Amino acid sequence: MATTSEGTTRPTNTRKSTGRKTTRRSTASRRSTTARRTTQATSTSTQPKTPIEQVGEIAERAVLVPVGASLLVRDNLVSTVRGLVTKYRSRAGVERELKRYERRGASARNRFERQVRKTRTRFERQVRQRRSLVERTVKQNRRRFEREVRSVRKDLERQSNQVGARVEKLVADAQGLIGQ
């Protein structure tokens with residue numbers, strides 16, 4: 001009920017609307033209103049119309065960026081300090097954190113030692129493989145060299161025997177010609 005200017009009360013017209021029609025209208029009107037706002041916001045916020053507005057926007061950014069950055073740094077610092085206070089509030093907390101750090105250090109040391117052993121083993125294996133390859137190659141080359149030397153010696157002996165036989169034949173022929 002509403003009160004009139006004379007002080008009398010009269011019944012108000014309360015109207016119950018059906019949900020469908022109202023919802024449809026409001027959704028449609030919301031869409032168009034939102035589209036208009038988006039278009040207006042886009043045109044005004046990203047593209048100032050006058051050089052003075054552009055300068056104003058640049059100046060505002062120049063002030064707001066450092067302020068925002070310092071607030072973020074402050075928030076991070078406060079959360080870090082709160083975390084440290086929570087962790088190190090009592091002696092038990094400090095000891096617990098020290099044990100945690102010790103375990104982490106021990107696991108890092110063990111990981112490093114495993115990596116060193118693995119690298120050393122790999123290196124030693126490669127050295128052994130290369131050494132055996134070199135020894136095998138040297139042995140093959142020595143055998144080939146000895147085989148070649150024997151072959152050359154036999155050829156030289158054969159040729160020296162042939163030369164010796166020819167020389168003896170020539171001497172015999174020369175003696176035969178001289179002795180006649």
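How far apart along helix α3 are Arg100 and Glu97, in helical turns? About one turn, because the two are three residues apart in that helix. Here are my notes on this one; bear in mind that the model is predicted.

1. Overall layout. The protein chain has three helices and two strands. Going along the sequence, you meet them in the order β-β-α-α-α. Two of the helices come up repeatedly below: α2, which covers residues 51-87, and α3, which covers residues 91-179.

2. Burial and surface. Of the chain's 180 residues, 2% count as buried. The accessible surface adds up to about 17200 Å², and carbon and sulfur atoms account for 56% of that. Keep the burial figure in mind when you get to Glu97, which is one of the buried residues.

3. Glu97 and its partner. Glu97 sits in helix α3, and its relative accessibility is 8%, so it counts as buried, the cut-off being under 20%. Its side chain makes a salt bridge with Arg100, with the closest N and O atoms 2.7 Å apart. Arg100 itself is partly exposed, at a relative accessible area of 39%. So this pair joins a buried acid to a partly exposed base.

4. What else touches Glu97. If you set aside neighbours within four places in sequence, Glu97 is in contact with Lys87 and Tyr88. Lys87 is worth finding on the model, since helix α2 runs over residues 51-87. Tyr88 turns up again in the nonpolar patch of point 7.

5. A second bridge in α3. The count of salt bridges comes to six, and Arg120 with Glu124 is one of the pairs, at 3.7 Å from N to O. They are four residues apart in helix α3, which means that about one helical turn separates them. Both ends are partly exposed: Arg120 has a relative accessibility of 49%, and Glu124 has a relative accessible area of 37%.

6. A bridge between sequence neighbours. Arg74 and Asp75 also form a salt bridge, their closest N and O atoms lying 2.9 Å apart. Asp75 is partly exposed at 38% relative accessibility, and Arg74 is partly exposed too, at 47%.

7. The nonpolar patch. Leu84, Tyr88, Val94, Leu98 and Tyr101 make a nonpolar surface patch of about 430 Å². Which helix gives the most to the nonpolar patch? That would be α3, with three residues. Leu84, on the other hand, belongs to helix α2. Its relative accessibility is 41%, so Leu84 counts as partly exposed. A patch residue needs over 30% relative accessible area, so Leu84 clears that bar.

8. The positive patch. Further along the sequence, Lys139, Arg142, Arg143, Arg144, Arg147, Arg150, Arg153 and Lys154 form a positive surface patch. Take Arg142 as an example: it is found in helix α3, and it is partly exposed, with a relative accessible area of 45%. Patch members must also have no salt bridge, so you will not find Arg100 or Arg120 in such a patch, given their bridges to Glu97 and Glu124.

9. Where to look on the model. Helix α3 is a good place to start, as it holds Glu97 and Arg142, and also the Arg120 and Glu124 pair. From Glu97, look across to its contacts Lys87 and Tyr88, then on to the nonpolar patch that includes Tyr88 and Leu84. The positive patch, with Arg147 and Arg150 among its members, can come last.

Methods
Residues numbered from 1 in each chain as written. Predicted model: local features only at pLDDT ≥ 70, side-chain atom pairs only at ≥ 80, totals over all residues. Heavy atoms only, no water. Patch = residues over 30% accessible without salt bridge, like charges linked within 9 Å, V, L, I, M, F, W, Y side chains within 5 Å. Areas by Shrake-Rupley, 256 points an atom, 1.4 Å probe, with all protein chains shown as cover. Salt bridge = Lys/Arg side-chain N within 4 Å of Asp/Glu carboxyl O. Lys, Arg positive; Asp, Glu negative; His and termini not counted. Charge placed at Lys NZ, Arg CZ, Asp CG, Glu CD. Buried < 20%, exposed > 50% of the residue type's maximum accessible area, 1.4 Å probe, protein only. Contact = heavy atoms within 4.5 Å.
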